Amino acid sequence: MEANDFDERTMAMLLPTQYVSQIASVAVLLVILHTMKRFMSKRRSRLPPSPPGLPIIGHLHLTKKSNHRALRDLADKYGPIMTVRLGAVRAVIVSSSAMAKVILKTQDHVFGSRAQCTALGILFGYQNSDVVMGAMGERWRFLRKICAQELFSPKRVELSTETRRREMLSTVEHLFEAGRDGDAVQLDINLREMGCNIITQELFARSFYNQRNTNAKASLEAEDFSQMSRDFSELGGMVLYECIPFLRRFDLDGSQARMRSLFFRYDRFLNNIIEEHRQEDASQSTTAKDFVDVLLQLQKDNNRLLTDDCIKGVLMDMLIAGVDTSMSTVVWALTELMRHPETYRKAQQELDLIVGRDRLVQESDFVHLKYLQAVLKETFRLHPVVPLMIPHESLSATNVGGYDIPEKTRVIINVYALGRDPSVWKNPLDFDPERFVDSPMDVKGQDFDLIPFGSGRRICAGINLALVVVSMTAAQLLHSCEFSLPAGMKPLDIDVEEVVGESAPKLNPLQLLVRPRLPLHVYREAGLDL
Ligand code: HEM
């Protein structure tokens with residue numbers, strides 16, 4: 001073996017060793033860098049505090065999916081901004097007005113979107129092409145604009161005054177009839193049907209519930225429609241497999257099958273409505289008269305954003321977000337008034353003073369009914385019917401209150417907790433409208449202590465209509481009806497149990513005795529058959 005051979009072979013053997021040591025050094029360096037980066041980013045990344053969670057389910061056992069009461073109790077311990085893990089879904093829960101203001105005002109542009117992967121948004125929002133679940137973008141902005149101009153503008157709301165008046169009078173008449181023999185009347189069902197008629201007439205000029213209805217086909221349709229709404233509220237907000245994705249394969253509780261079948265029923269119903277409108281339009285070419293007409297006209301004008309699915313998504317939004325919310329608020333107001341007879345009398349005295357007893361109350365009276373306005377604000381505070389705001393989603397990473405919020409984080413504002421925050425409200429659990437007498441605070445999204453409709457770009461699209469409907473229904477009922485408790489019942493026997501879910505109506509029915517309060521000629525002049 002020559003020296004050169006040795007050198008070459010030795011070199012050949014040494015080279016890999018040399019590489020190995022170099023590679024090892026690089027690897028060690030990389031590990032050090034990676035560890036440092038993680039250490040640094042951990043130090044830098046400061047997520048909102050979080051309760052100890054369990055593997056897989058995270059905090060589901062503590063939050064019971066996402067229960068506003070459970071979340072408020074957790075916030076007492078972990079603070080006004082905290083992180084919870086609902087299985088695989090991470091959400092930041094906000095429970096103070098100061099933090100809510102940052103999300104909905106200061107950083108509205110960051111938090112104005114919605115998660116695009118929720119089961120309800122994909123199915124009932126027609127792939128999130130609707131208003132409620134739509135991502136912040138061109139289509140959502142366009143839909144909000146149409147809603148603001150064509151459905152909820154002050155002019156449009158005023159145009160439908162007569163429809164609301166008719167519906168309210170028909171309901172009052174029905175209440176008197178049902179309670180004539182001294183039977184207790186179930187307020188919830190009657191008001192819900194009225195609220196539904198008001199919305200469906202706005203949307204597609206159709207009312208499902210006619211108190212004098214004897215038409216069997218219409219009754220069947222109404223029953224079908226009621227059943228769909230009941231089935232929808234039973235679905236709840238978040239489907240379990242969204243939290244624990246591997247459960248999707250098994251559909252253990254049958255909820256996926258139920259959800260799909262309900263969706264197809266709604267879809268068929270909406271297809272029929274659209275088809276009927278198209279046919280009417282083709283045969284009569286009348287001017288636009290309801291919201292579906294307007295949407296179809298815009299679609300004909302070649303608006304590429306308005307597909308049939310998008311139209312159905314928007315209609316679904318209004319049926320789901322618009323029907324129960326307003327009337328549940330009225331039921332809560334009546335519940336609290338019956339529990340507090342002094343307050344009830346005071347509200348009636350104001351109506352007698354402003355309106356008198358010789359005519360029915362009108363929408364134009366409402367601006368003068370200051371005490372009733374205070375009663376309703378107090379109702380919105382204590383019984384927000386959307387206790388957890390529809391989850392927002394961050395469009396980019398940001399910082400709130402010193403905590404890091406990563407991109408695409410769901411943020412849920414606990415409106416229920418805001419209304420009961422003892423650092424803001426004196427005796428927060430008491431129903432006390434006096435706190436709003438002479439207070440300039442309102443519910444339109446400017447005062448973050450009281451935001452039952454949200455605030456900022458995602459504020460409730462139907463707020464104008466909702467406020468008119470809630471105020472007028474409450475005023476009409478208090479002015480024209482005398483309510484009293486069934487025999488043997490005391491005011492505080494009326495419970496304030498609420499449903500725990502996406503919306504929080506009163507759990508148990510409100511049953512009251514009811515009789516006319518005004519001279520009979522007033523009702524008769526208004527066309528009531530008394
Ligand atoms: C007392 C009655 C009502 C209350 C308390 C209420 C409350 C709310 C709340 C809290 C939100 C979520 C806001 C957010 O995410 O920041 C919302 C959104 C919405 N509401 Fe209402 N609402 C009521 C009535 C109505 C009515 C009557 C309609 C329509 C007929 C309606 C349509 C909508 C729509 C379309 C959205 C989605 C807005 C968007 O994401 O851009 N709401 N509402």
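Which atom of the ligand is 2.8 Å from an N or O atom in the side chain of H392? Select H392 together with the ligand to find out: the partner is an oxygen atom of the ligand. Keep in mind as you go that this is a predicted model.

**Stop 1: polar contacts of the ligand**

Stay with the ligand and add W140, where a polar side-chain atom lies 3.0 Å from a ligand oxygen atom. Next, show the backbone of V131: one of its N or O atoms lies 3.5 Å from an oxygen atom of the ligand. Now colour the helices α7 (138–151) and α15 (308–339), the elements that give two or more residues to the shell around the ligand.

**Stop 2: the whole shell**

Widen the selection to the 27 residues that surround the ligand. The closest of them are R114, R144, H392, R458 and C460, so label those five if you like. Then pick out α15, which gives the most to this shell, with 6 residues. If you colour by class, you will find 17 nonpolar, 7 polar and 3 charged residues around the ligand.

**Stop 3: the second largest pocket**

Leave the ligand and move to the second largest pocket, with a volume of about 740 Å³. To centre your view, select F366, Q373, K444, L467 and S471, the closest to the pocket centre among its 28 lining residues. Then show α8 (154–159), α9 (161–178), α17 (370–382) and α19 (463–480), the elements that each give two or more residues to this lining. Colouring the pocket lining by class shows 14 nonpolar, 6 polar and 8 charged residues.

Technical notes:
Residues are numbered from 1 along each chain as its sequence is written. This is a predicted model: local features need pLDDT of at least 70, side-chain atom pairs count only at pLDDT 80 or more; totals for chains, interfaces and linings use all residues. Side-chain values use heavy atoms; hydrogens and water are left out. A residue is near a molecule or strand if one of its heavy atoms lies within 4 Å of it. A polar contact is a pair of N or O atoms within 3.5 Å; within protein, one must be able to donate a hydrogen and the other to accept it, and residues adjacent in sequence count only if both atoms are side-chain atoms. Helices (H or I, at least four residues) and strands (E, at least two) are DSSP runs, numbered from the N terminus. Ala, Val, Leu, Ile, Met, Phe, Trp, Tyr, Cys and Pro count as nonpolar, Asp, Glu, Lys and Arg as charged, and the others, Gly among them, as polar. On a 1 Å grid over the protein atoms alone, a cavity is a set of points where a 1.4 Å probe fits but cannot get out, and a pocket is an open set with protein on both sides within 12 Å along at least five of seven lines; lining residues have an atom within 4 Å of a point. Grid points are joined across faces, edges and corners, and a volume is the space filled by probe spheres set on the points.
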